[in-house]
Amino acid sequence: MTTQTNGVFDRTPLIAGNWKMNMDHTQGIALLQKLAWTLKDARHDFSRVEVAVFPPFTGLRSVQSLVEGDGLQIAYGAQDLSDQDSGAYTGDISGQFLAKLGCRYALVGHSERRSIHAESDEQCRDKVRAAIRHGLTPMLCIGEGLEQRQAGEHVQYTLEQLRGSLAELNAGELEGLVVAYEPVWAIGTGEVAGPEDAQEMAHAIRAELESLYGEDFAKATRVLYGGSVKSSNVANILGGADVDGALVGGASLDAEEFAKITRFEQHLVTDQ
Ligand SMILES: O=C(CO)COP(=O)(O)O
């Protein structure tokens, strides 16, 4: 099977590892160190493919120390943030604190937040706002469940989440936004959306962004795919012209496997 390359990438591809609730801070340090060595050995060019990790909150300070101490080019971010800045919000974490820890990104609206913690599009929008307020780049996660996919309503459903989570924000505020399309039925299940499915949705997301914020914004915005991404399937998935990277869960907990995923370009085949 051949896949289409993105040619000269208009957008820098991004391979992001969401560690979820795995890796205490000592394990996280070991994982990041191994990842950094593996990428160094492979002479990874971070200007061609950006690499980011999303440790649990408790690992962020250690990740910051390692990244700054060793001058690593690996970016990092938080898995969530509060929509508030400070005050009586027990257990919540302010974007202000995350910015102080050097986070570049904050995930917003991961499907596990939406399902386990019942986060609504409105809350996601407030979190996107909070991220922007503190200079963090929001990585907004959207995607349909099996029910919507089987009913053929996946595009409509996912675009509604997109609109709802970005409502009332303008292109200037959202500059740099990353959108991660993660079909819930493909997360942690071993089921992977086909390259055509990933491309179909990434294209629909870009078209929606264009109608909301204009062509320049849509062209500059990275759309990632997430859901059972591995080194063996990443090249196929990222073959679609609108798919700019991957948000990786389970496979990001293995440094060598994750490093292999960052080398997806080596496996892309031109469809001429
Ligand atoms: O939810 C995901 C990343 O945010 C995907 O997880 P898996 O790669 O484990 O399916």
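What span should the 17 residues of helix H1 have at 1.5 Å a residue, and how far apart are its end C-alpha atoms? The expected span of H1, which covers residues 25–41, is 24 Å, and the end C-alpha atoms are 24 Å apart, so the two values agree. The structure is a predicted model. The protein comprises eleven helices and eight strands. Its radius of gyration is 17 Å, close to the 19 Å given by the globule rule for 272 residues, so the protein is as compact as a globular protein of that length.

**Overall fold**
- Along the principal axes, the C-alpha atoms of the protein occupy a box of roughly 50 × 45 × 35 Å.
- Buried residues make up 43% of the 272 residues of the protein.
- Of the contacts between residues at least 6 apart in sequence, 73% link residues that are at least 24 apart.

**Helix H1 (residues 25–41)**
- The buried residues of H1 are Gly28, Leu31, Leu32, Leu35, Ala36 and Leu39. They span an arc of only 135 degrees around the axis, which places them on the same side of H1.
- An α-helix has 3.6 residues a turn, so residues three or four places apart point the same way.
- On the face of H1 turned away from the buried side lie the exposed residues Thr26, Ala30, Trp37 and Asp41.
- Strand E2 (50–54), helix H2 (60–70) and helix H11 (255–262) pack against the buried residues of H1.
- Arg43, which follows H1, has a positive phi near 50 degrees.

**Helix H8 (residues 195–213)**
- Helix H8 contains 19 residues, and the distance from its first C-alpha to its last is 26 Å, close to the expected 27 Å at 1.5 Å a residue.
- Buried positions in H8 are Pro195, Ala198, Gln199, Met201, Ala202, Ile205, Arg206, Leu209 and Tyr213.
- The cover over the buried residues of H8 includes three helices, H7 (154–166), H9 (215–220) and H10 (234–237), together with strands E6 (178–181) and E7 (222–226).
- Gly214, just after H8, adopts a positive phi of about 100 degrees.

**Ligand surroundings**
- There are 14 residues around the ligand, and those that come nearest are Asn18, Gly226, Ser228, Gly249 and Gly250.
- The shell around the ligand consists of five nonpolar, eight polar and one charged residues.

Technical notes. Residues numbered from 1 in each chain as written. Predicted model: local features only at pLDDT ≥ 70, side-chain atom pairs only at ≥ 80, totals over all residues. Helix = DSSP H or I, 4+ residues; strand = E, 2+ residues; numbered from the N terminus. Rg over C-alpha atoms; globule rule 2.2 N^0.38 Å. Buried ≥ 20, exposed ≤ 12 C-beta atoms within 10 Å, placed from the backbone. Contact = placed C-beta atoms within 7 Å. Near = placed C-beta within 6 Å. Nonpolar A, V, L, I, M, F, W, Y, C, P; charged D, E, K, R; others polar. Expected span 1.5 Å × (residues − 1). Arc of directions from axis to C-beta.
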